Structure formats: C-alpha cells, structure tokens
Amino acid sequence: MKTLTRLLQSYSDTTVAVSPDGWSAFVRLLASRRPVRIAAFTGEHSADRSGLWSDFAARCQGVDLRRFRAIPPEPDLACIGRMVDFLRDCQADMVVALGGGSAMDAAKAAYLSAQTGAPVESFFGVNQYSDKNSRRLDTVVCFPTTSGTGSEVTPYSNIVDRDAQVKRLISDPAIIPEHAFVLPEYTSGLPQRITLATGCDALAHLVEGFLNVGADANDSLANERALAGIELVTRHLPEALADTGGRAEMALAATLGGMVIRHKSTGLPHLCSFSWFGRLEHGLAAIMLLPECWRYYLGNPAVRERTMQLNAIFPGATPEEVIAACRHFLDACGVPARLHDVPGLNQELLETTAKSAGLNRMKLELAPRPVDPDNSYNVLLDILQRS
C-alpha cells in the first residue's frame, strides 16, 4: 500500500484523496475555497442509487447547490450545449462531476466551453486551448463512481459527434482536474456488465501505456504505475465481478491508468474503437482489440522486450505466449473472444473503422510500432479482421 500511495501522491497534476480520507479532504477543500454556489453534474440515477449524492449534498450544507442530472452514457455535442447553458445560467464558483467517465468527460468539455465562450468543437484535437492561451482555467472537481476511465486525472474528454458518427477527443492540460476524490465504497452496487467494461478500460489504459515504448521519457514513474495497476486488475477484477471484494483496488487501478495515459497515450486499440459507440462498451471494444494490436506491435523489438516484463503477471516464455496469457485472463473474466460475436460489428463497419481511424495521422505515427498512413487502411483492416 505504501508503494501505491507514493505513486498516487507523486502525480503532480491532480491532488488525489482516497478513502478513508476522501470526505475529510473534500471538506477541507470547501473550507479553503468557500464556494457560494456549486454546479454539480451527474448521470440520471447512479449517484442517487449509490448514496453518493446524498452524502455529497450533506457536506455542502450552506452552499447553493445546483444539479444537472441528464448526462447519458454517451454524451454528445447537444448534451454539452445544454450543460454549457446550465453553467452560464447558474454562475457557479465551483464545478463538480460525480459519475463515471461520461459525466466527468462531459463536465470537463462543458466547463472549458463555458469559461472561454468558444464552442466545444473548437477544442477537438491536441492543446487547442493551451497552445493559444495563457490564462489558467478553473477545472472540474471529480468524484469517479466507476473504475475505468481515469478521467479524474487526465487531459482528455471524449464526446460523441453524431453528424460524423464518431467519438471526438479533446486533449488539453487545461482541463486536467486539480482535485479528485476516489471513494470506492460508492462503486459496490455497479452491475456486472459495467464492472467488466470499466475494468477492461482500465486494463487497456495500463497495458497500452506500458507498451508505448516511444513515450518512456515523458514520465519516469509511468511504467511503474502501469505495472502496479495491471497487477491490481489481474488480481482483483475477478473479485469485483463476483462481488466478493476488489472494488477499492480496481478504483486505484483506474486512477493509475489515467495517470499513465496522461504521459503515455493509448494506441491502436483505442484509435479503432471510437466509431463503435452505442454498439459495444468502450472498455470491451478496446480490450478485445488489444491482443491483435499487441501482436502487430511485436514487429518492434523494443515492444518484444517490454512485453517480457509482463511475464510475471501474464506467464509466458515468449512475447506471443504473454499475449495469449493476457487473452486467457480476459476469457476467464467473460470478455467475448471475437468481434463477430458482437451484434452490429459486421464487415462493413470494420472497413469503415479502418478508413476513419486511418485519418488520425498522429496516432498512427506514435503507435508503439508506427503505421504508415499511406498503408494504414490495409494494416488496420487486417488487425480488425484478426480480432
């Protein structure tokens, strides 16, 4: 536990408070900032069912608390527009998100737009605010209620563009939350399907970041965080799925995963999954694509060497055997074996995915084994078909 505490506390972008100290840390934040009005974003029901909302409201007595509770599992641009209007109307001096990745991502995007007066679409891409502005923005205070995205510590916000039929990404350090309160006790009632999907998302972040050998210099602790998080997931996701424990460890793994991808971005699995919203949970999509993307990465000798550093967790005498052991773990957790087992993921969609993903030149070139943009369609379609 001392190692985990060190890895969490040494993260410079976000102050993370974890149970049993989470609520007392939040009360101290309220005392220091003295907000008059708080704008709180949640999903429709989860914060109420878990008891988080009532406990949060009890600690905000004396504060004018305004709640927006209509964030769907896949927030789109129209939803962000309503959230921006809400923020402008209530003029809050603190913004809080209580929920999973959808609530946190949506709140981050909406608060960015509300503070700048610019449409959220203008921030899609990398550092679209930070590269053009020096003004420091306020950030969303996050209470994650699922153990997957790590959005509480990342510069990322994924929003659905329904016209383009794809998720689009904001990546900007300006939206990294300054404060996150990780309270695993409020995740105990999560349905098994959500537990699996979010746990797989955390694992995908951790493994993809660990394999991103080209970004090792970005953060000296990222690989240590990744290894610690992977070990937590492989030990405790089965417990969480059986509802026999493991929730606290999965929450820590998800936050570590967010810290990893802050400096060592995800690769081809995430890139290829963004057009599948509404068909397959994001975490399941990314983790189902991971083994074949990983096998493609083995064409880089550095990835082969890095892979063998995981053989204590995924036993194998060769990189290929390590990947097979990872897939065996996914089998044991109930992750579907092949994409063709998922309704709606047909050949036409795979071809469309290969074309649209191939437009992201930066992601292709920064993959652990770079993909030539001129040949990306063939490479990506082969990976998708093998998956």
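**Why the terms fit**

Analyst: Asn-158 stands opposite Leu-169 in strand 8. The model is predicted: local features need pLDDT of at least 70, side-chain atom pairs count only at pLDDT 80 or more, and totals for chains, interfaces and linings use all residues. Residues are numbered from 1 along each chain as its sequence is written, and side-chain values use heavy atoms, leaving out hydrogens and water.

User: How do you know that strand 7 and strand 8 pair?

Analyst: Pairing takes at least two DSSP bridges between two strands (DSSP E runs of at least two residues). Strand 7 and strand 8 (residues 166-171) have six, in the antiparallel sense.

User: What makes strand 5 and strand 7 edge strands?

Analyst: The open sheet runs in the order 5-8-7, with mixed pairing. Strand 5 (125-126) and strand 7 (156-161) each have a single partner strand, so one side of each lacks a neighbour in the sheet.

User: Why is helix 6 called largely enclosed?

Analyst: Helices are DSSP runs of H or I, at least four residues. Buried means under 20% relative accessible area, exposed over 50%, partly exposed in between (1.4 Å probe, protein chains only). Twelve of the 16 residues of helix 6 are buried, so the label fits. Among them are Met-104, Tyr-111 and Leu-112.

User: What makes the buried residues of helix 14 line one face?

Analyst: They are Leu-349, Leu-350, Thr-353, Ala-354 and Ala-357. Down the axis they fall within an arc of 140°, so they line one face. The arc is that of the directions from the helix axis to the C-beta atoms. The face turned away carries the exposed Glu-348 and Lys-355.
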